[in-house]
Amino acid sequence: MTTETPTPPAASTTTPAAPPRKRNRVRYGVVAVLCVGAVAWMVVLMQKNVVFFKTVSQAVHDEAHDGTRTLRIGGGVVPLSIRQRGDGADFDLTQGGVTVHVHHLGDEPELFKDCAPVVAEGHWSAPGSTTFDSTRLLIKHGSDYRAPKAKPGTTCPADPDGR
């Protein structure tokens, strides 16, 4: 009678699976990196697509900083400064005692005239320039707009905002 000795089970050639916690940490890490990347990408895109609004005095003060970046400036049209051209108009915009020459390309809104409160969208024509190149004009008014009563050659009524 021969006795056979039991043979030990063969050693497994595969590595044991990673514990579930370690796999979850890797997944959470990848998700966190993707989220941070998406937020950073959105911030960069938003900075490029934001158009800031400034009053004429603020825009002139910040002109060196803004360079030729697109922005909107707001003020009142100086009386008797509008010069119509075939492709737009040239006029002066004032606010807070500061005046800027605006070179506008395109059509003007119907309410565009002397003393009208205007927002011009565009950029400075060159660094250090006092000319603003505009491609879009907006007339500022409420739902019950009434044009200010000003006779040609006179000054505009006082700014209702007190500026």
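This note sets out numbered points on the fold, core, aromatic pairs and surface of a predicted model.

1. Overall architecture. The protein chain contains 3 helices and 7 strands. Read from the N terminus, the order of elements is α-β-α-α-β-β-β-β-β-β. Among contacts with a separation of 6 or more, 49% join residues 24 or more positions apart.

2. Burial and surface. Of the 163 residues in the protein chain, 23% are buried. The chain exposes about 11,800 Å², and 59% of this area is supplied by carbon and sulfur atoms.

3. The largest nonpolar core. This core holds 18 residues. The members that touch the most others are Ile73, Val77, Phe91, Leu93, Phe112, Val118 and Phe132. At least two core residues come from each of helix H2 (56-61), strand E2 (71-77), E4, E5, E6 and strand E7 (131-139).

4. Surroundings of Ile73. Ile73 is one of the core residues named above. Apart from neighbours within four places in sequence, Ile73 is in contact with Phe53, Lys54, Ala59, Leu93, Val100, Val118, Val119, Ala120 and Phe132. Three of the partners, Leu93, Val118 and Phe132, also appear in the list of core members that touch the most others.

5. Aromatic pairs. The count of aromatic pairs comes to 2. In one of them, the ring centres of Phe91 and Phe112 lie 4.9 Å apart with the planes at 65°, so the pair is edge-to-face. This pair links distant parts of the chain, the two residues being 21 residues apart. Phe91 belongs to strand E4 (residues 88-95), whereas Phe112 sits in the loop between strand E5 (98-105) and strand E6 (117-124). Phe91 and Phe112 are both buried.

6. The pair Trp124 and Phe132. Here the ring centres are 5.5 Å apart and the planes stand at 85°; because planes over 60 degrees apart count as edge-to-face, this pair is edge-to-face as well. Trp124 and Phe132 are both buried.

7. A nonpolar surface patch. Trp41, Met42, Leu45, Met46, Val50 and Phe52 make a nonpolar patch of about 610 Å² on the surface. Helix H1 (residues 20-49) gives the largest share of the patch, with 4 residues.

8. Val50 within the patch. Val50 is located in the loop between H1 and strand E1 (52-55). Its relative accessible area is 33%, so Val50 is classed as partly exposed. That value is also over the 30% required of a patch residue.

Notes:
Residues are numbered from 1 along each chain as its sequence is written. This is a predicted model: local features need pLDDT of at least 70, side-chain atom pairs count only at pLDDT 80 or more; totals for chains, interfaces and linings use all residues. Side-chain values use heavy atoms; hydrogens and water are left out. Buried means under 20% relative accessible area, exposed over 50%, partly exposed in between (1.4 Å probe, protein chains only). Contact means heavy atoms within 4.5 Å. Accessible areas come from the Shrake-Rupley method with a 1.4 Å probe; for residues, only the protein chains shown count as cover. Rings of Phe, Tyr and Trp (its six-membered ring) pair if their centres lie within 6.5 Å; planes under 30 degrees apart count as stacked, over 60 as edge-to-face and the rest as tilted. Patches are made of residues with over 30% relative accessible area and no salt bridge: like charges are joined within 9 Å, nonpolar side chains (Val, Leu, Ile, Met, Phe, Trp, Tyr) within 5 Å. A salt bridge is a side-chain nitrogen of Lys or Arg within 4 Å of a carboxyl oxygen of Asp or Glu. A nonpolar core is a set of buried Ala, Val, Leu, Ile, Met, Phe, Trp, Tyr and Cys residues joined through side-chain atoms within 4.5 Å.
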